[in-house]
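Reader: I should like to understand how the pockets of a protein model are described. May we go through the reasoning step by step?

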Amino acid sequence: MAFMNQFRETKSVAKRSKKYLEEALYKRLFKDGSSEVSVRRQLNQFLKSRKRVYKWEVGHSLKILRQRKRFYPALKLSETMAERGMNKTVSDHAIHLDLIAKSRGIAAAEAYFIALPETSKNHLTYGALLNCYCKELMIEKAEALLEKMNELKLGLTSMPYNSLMTLYTKTGLPEKIPAIIQEMKTSDIMPDSYTYNVWMRALAAVSDISGVERVFDEMKRDGRVTGDWTTYSNLASIYVDLGLFEKAEKALKELEKKNSCRDLSAFQFLITLYGRTGNLLEVYRVWRSLRLAFPKTVNISYLNMIRVLVNLKDLPGAEKCFREWESGCSTYDIRVANVLIGAYTKEGSLEKAEGLKERARRRGAKPNAKTWEIFLDYYLKKEEIKSAVDCIENAISTGRGDGSKWVPSPDITRNLMRYFEQNKDVDGAEGFVGILKKGVDEVGTEMFESLIRTYAAAGRTSPVMRRRLKMESVELSEECKKLVDLVCVE
């Protein structure tokens with residue numbers, strides 16, 4: 001069926017007139033890669049061209065954009081197509097609401113929901129809003145909305161309950177989950193495998209392993225729900241978390257039996273979980289099975305395998321796996337190199353780490369923020385402050401892969417400013433503040449107070465300090481106000 005759908009879609013693209021885009025929309029959007037910048041550029045070019053596309057293409061493209069967390073381009077595409085007359089189904093409205101929440105925040109999503117016609121307010125759009133509340137950890141709003149959905153008798157499935165239970169898990173309220181399960185049973189709402197997985201996780205959170213096994217047995221007795229490989233992955237993960245490795249490995253054997261469709265994610269979970277039990281032989285065995293099932297092994301699989309081998313202290317095995325990937329990869333992924341770079345810096349092999357970074361650069365993979373974080377951690381441990389600050393500057397100028405800014409953690413910032421203060425290094429402190437300002441709009445009161453103390457400790461003055469504090473709207477402590485009088489000499 002999937003093949004026939006793909007055939008029909010390809011045929012539709014091939015037959016369309018010059019008024020339509022000459023290739024499938026999702027291919028155009030990812031023509032130059034999947035980075036936020038390149039996708040936005042291709043989207044803008046497509047929208048300016050005024051070329052037409054089929055509705056199924058828009059839906060398919062939105063699905064891929066959401067999977068790859070390109071929410072802003074997805075929202076722009078959805079909005080523009082609606083402005084050009086493409087009708088939205090209730091399902092489309094639910095997706096659009098989710099995109100608004102991710103791109104513009106909950107308040108904008110709520111406004112969109114309120115403005116929907118009553119005919120479009122069903123279990124799908126209510127469910128989308130509920131899911132947004134749950135993602136943002138808004139417990140009261142989520143509970144109130146689910147209660148309203150029940151009052152409206154929207155014919156609920158397990159999905160909204162699953163969202164609420166996930167919310168309770170994330171917010172440290174697993175004790176609330178049994179009541180939700182009871183409400184589902186009372187309302188004759190059929191649980192699915194996800195429901196059972198969340199329920200087991202909730203019981204594991206309070207170390208009720210007998211409860212976990214009781215729920216698992218209940219799921220097996222319930223003929224309506226068939227546990228798939230994710231159920232056994234969940235159970236194995238619970239056992240691993242509790243240090244019950246023998247039980248975990250039994251669950252992993254069942255997972256393998258359930259993976260008859262040769263799901264790539266199942267193989268990767270097996271490798272990760274066998275790695276967490278410390279069973280290196282099983283890690284290699286599953287890796288060989290994965291390679292047989294997927295001869296053209298993707299970067300993410302190598303990334304996962306190399307990470308597991310590094311965690312198991314099998315650095316020679318990780319290097320061998322890396323060389324295998326490096327010799328055959330079509331796209332040199334800096335994330336794969338980062339795992340080995342991190343392993344080298346942890347063992348103190350800076351030369352190897354630098355060499356691999358440069359090799360990656362020659363292959364077209366520039367260091368990303370994570371690369372610089374790895375070197376930053378190394379230099380901080382060695383107390384090589386200048387090199388650490390250089391890493392921070394590089395990470396800030398590189399930014400994150402999704403286009404957002406990268407900034408060092410408050411602890412790192414605080415410790416570096418303390419170092420400059422103790423060493424009476426005004427120039428170092430000023431240079432660091434200047435670098436930080438490239439990544440943040442305001443460096444904050446704590447940074448300026450440390451800077452002032454550094455000036456005072458060094459016996460240095462700054463005639464413009466009061467003006468800087470005023471421009472930054474910084475409110476100093478009484479102690480620092482006295483130091484400003486010494487530092488800010490006109």
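Reader: What makes the lining of the largest pocket divide into nonpolar, polar and charged residues?
Author: In this predicted model, that lining has 16 nonpolar, 14 polar and 15 charged residues. The class follows from the residue type: Ile counts as nonpolar, Arg and Lys count as charged, and Gly is among the polar ones. Ile334, Arg335, Asn368, Lys370 and Gly401 are the closest to the centre of this pocket. Ile334 is therefore nonpolar, Arg335 and Lys370 are charged, and Gly401 is polar.

Reader: How do you know that a residue belongs to the lining of the largest pocket?
Author: A lining residue has an atom within 4 Å of a point of the pocket. For the largest pocket, 45 residues line the space, which amounts to about 1400 Å³.

Reader: Which helix supplies the largest share of that lining?
Author: Helix H22 does, with nine residues. H22 spans 369–381, and H18 (299–311) and H20 (334–346) also supply at least two residues each.

Reader: What is the volume of the second largest pocket, and which residues are closest to its centre?
Author: Its volume is about 610 Å³. Among its 24 lining residues, Leu124, Gly127, Ala128, Asn131 and Met159 are the closest to the centre. Helices H6 (90–104), H8 (123–135) and H10 (159–170) each give two or more residues to this lining, and H8 gives the most, with eight.

Reader: How do the residues of that second lining divide by class?
Author: Eleven are nonpolar, eight polar and five charged. Leu, Ala and Met count as nonpolar, so Leu124, Ala128 and Met159 belong to the nonpolar class.

How values were computed:
Residues are numbered from 1 along each chain as its sequence is written. This is a predicted model: local features need pLDDT of at least 70, side-chain atom pairs count only at pLDDT 80 or more; totals for chains, interfaces and linings use all residues. Side-chain values use heavy atoms; hydrogens and water are left out. On a 1 Å grid over the protein atoms alone, a cavity is a set of points where a 1.4 Å probe fits but cannot get out, and a pocket is an open set with protein on both sides within 12 Å along at least five of seven lines; lining residues have an atom within 4 Å of a point. Grid points are joined across faces, edges and corners, and a volume is the space filled by probe spheres set on the points. Helices (H or I, at least four residues) and strands (E, at least two) are DSSP runs, numbered from the N terminus.
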